[in-house]
Amino acid sequence: MSIQKKQVKKVVLAYSGGLDTSAIIPWLKENYDNCEVIAFCADVGQGDEELEGIKEKAIASGASECYVADLKDEYVKDYIYPILKTGSVYEGQYLLGTSMARPIIAKAHVEVALKVGADAICHGCTGKGNDQVRFESCFAALAPQLTVIAPWREWDMVSREDLLDYLAERSIPCSASLTKIYSRDANAWHISHEGGELEDPWCEPSKEVWTMTVDPMDAPNTPETVALSFVEGELVSVDGKAMSAYESLMYLNDKAAAHGVGRIDIVENRLVGMKSRGCYETPGGTVLMAAYKGLETLIHDKESLKFRESIGLEFSHVIYDGRWFTPLAKAQLAAAASLAEKVTGDIVVKLYKGQATVTQRRSPNSLYSEEFATFGADDVYDQKHAEGFIRLFSLSSRIAALKAQDGEK
């Protein structure tokens with residue numbers, strides 16, 4: 001046993017109640033000199049089923065205590081909304097549901113560790129995934145003095161069978177079985193699905209993959225609309241009703257899921273270098289992103305919108321890679337928030353057969369002018385002026401072409 005292991009007296013484990021973390025509790029005590037293990041669970045809107053009886057499960061597995069932090073409202077208001085303002089979409093499709101939940105979970109995890117005087121923190125992420133990097137990067141930024149323990153990089157167990165046998169040998173109860181097909185991660189924003197037939201990119205996802213949304217083919221034949229109102233980039237009401245940030249998202253989730261909105265099937269580039277295939281369901285988030293970007297098109301001038309789009313592209317990698325608590329992230333979020341100060345207005349989104357389509361938009365800050373845009377007769381735009389603009393705009397191309405012609409003579 002290493003000196004580091006002997007020095008660990010109290011560990012706070014990010015606990016889900018699943019097979020992996022149930023096995024980690026006794027493993028920590030056995031391999032870290034019978035250290036005290038305190039379980040920590042973050043409620044980011046993953047649902048009551050996952051949280052039911054979680055404290056009792058943790059204690060039964062050997063934890064001395066279990067903290068459950070209700071982070072739902074903070075997650076939506078202080079993490080999802082700021083990211084929404086950046087317009088971030090990873091690799092053109094992924095709305096970053098798993099990625100954006102990691103910073104708030106890591107922050108709460110560290111807070112519990114410092115509160116109880118722990119000298120180590122532990123997570124159940126595998127050595128192949130993105131989450132180990134995301135969590136540990138946050139830990140490094142918030143509490144570098146804490147030792148980080150990652151059992152999947154240390155123990156010799158490699159399968160569900162190994163974990164189940166390990167728990168059975170110690171008479172530790174666990175409801176997990178050998179028949180788990182998919183690896184899923186849920187929060188208020190989305191649910192992700194990996195594993196099973198999805199490991200073959202040539203295999204179409206079966207109906208059993210999807211759990212949050214109606215199959216678009218089975219969705220209602222009549223479209224439904226939702227109206228969203230924003231003030232300075234913040235969602236303030238949905239369908240005329242003022243709600244909290246979390247309540248608004250739950251409302252949109254229900255509406256959009258019923259119409260099959262928010263499904264994607266993507267092969268993405270993981271931070272650690274390999275590709276992975278996953279299916280994601282983000283119903284309310286898809287509506288929110290469409291509404292926000294639809295409102296932006298009325299308000300931002302060409303260069304401002306171009307700059308916001310560049311922020312979105314860059315920040316999608318920042319949040320995917322787990323760099324929330326960095327100067328770069330702070331600067332990008334501040335830039336997006338500054339542009340969002342003008343994003344005030346109303347948007348109507350039509351939900352139909354898996355699609356969320358903006359159909360109406362208005363804003364007191366709109367730069368759209370019907371008088372200037374019309375193809376009819378008007379007194380506000382002299383079309384002759386376009387000739388001089390075009391000559392200046394294309395001047396460099398004209399000079400290059402003239403030089404090329406001179407060179408041919």
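This is a short chat about one arginine, the nonpolar cores and the cysteines in a predicted model.

Colleague: What should I know before I start?
Modeller: It's a predicted model, so local features need pLDDT of at least 70 and side-chain atom pairs count only at pLDDT 80 or more, while totals for chains, interfaces and linings use all residues. Residues are numbered from 1 along each chain as its sequence is written, and side-chain values use heavy atoms, with hydrogens and water left out.

Colleague: Okay, is R102 buried or exposed?
Modeller: R102 is buried, at 8% relative accessible area; buried means under 20%, exposed over 50%, and partly exposed in between, with a 1.4 Å probe and protein chains only.

Colleague: And what does its side chain make a polar contact with?
Modeller: With the side chain of D185, at 3.2 Å. A polar contact is a pair of N or O atoms within 3.5 Å; within protein, one must be able to donate a hydrogen and the other to accept it, and residues adjacent in sequence count only if both atoms are side-chain atoms.

Colleague: New topic: how many disulfides are there?
Modeller: The count is 0, where a disulfide means two cysteine sulfur atoms within 2.5 Å.

Colleague: Why no bond for C203?
Modeller: Because its closest cysteine sulfur, in C279, is 9.9 Å away, too far for a bond.

Colleague: Are those two buried or exposed?
Modeller: C203 is partly exposed, at 28% relative accessible area, whereas C279 is buried, at 0%.
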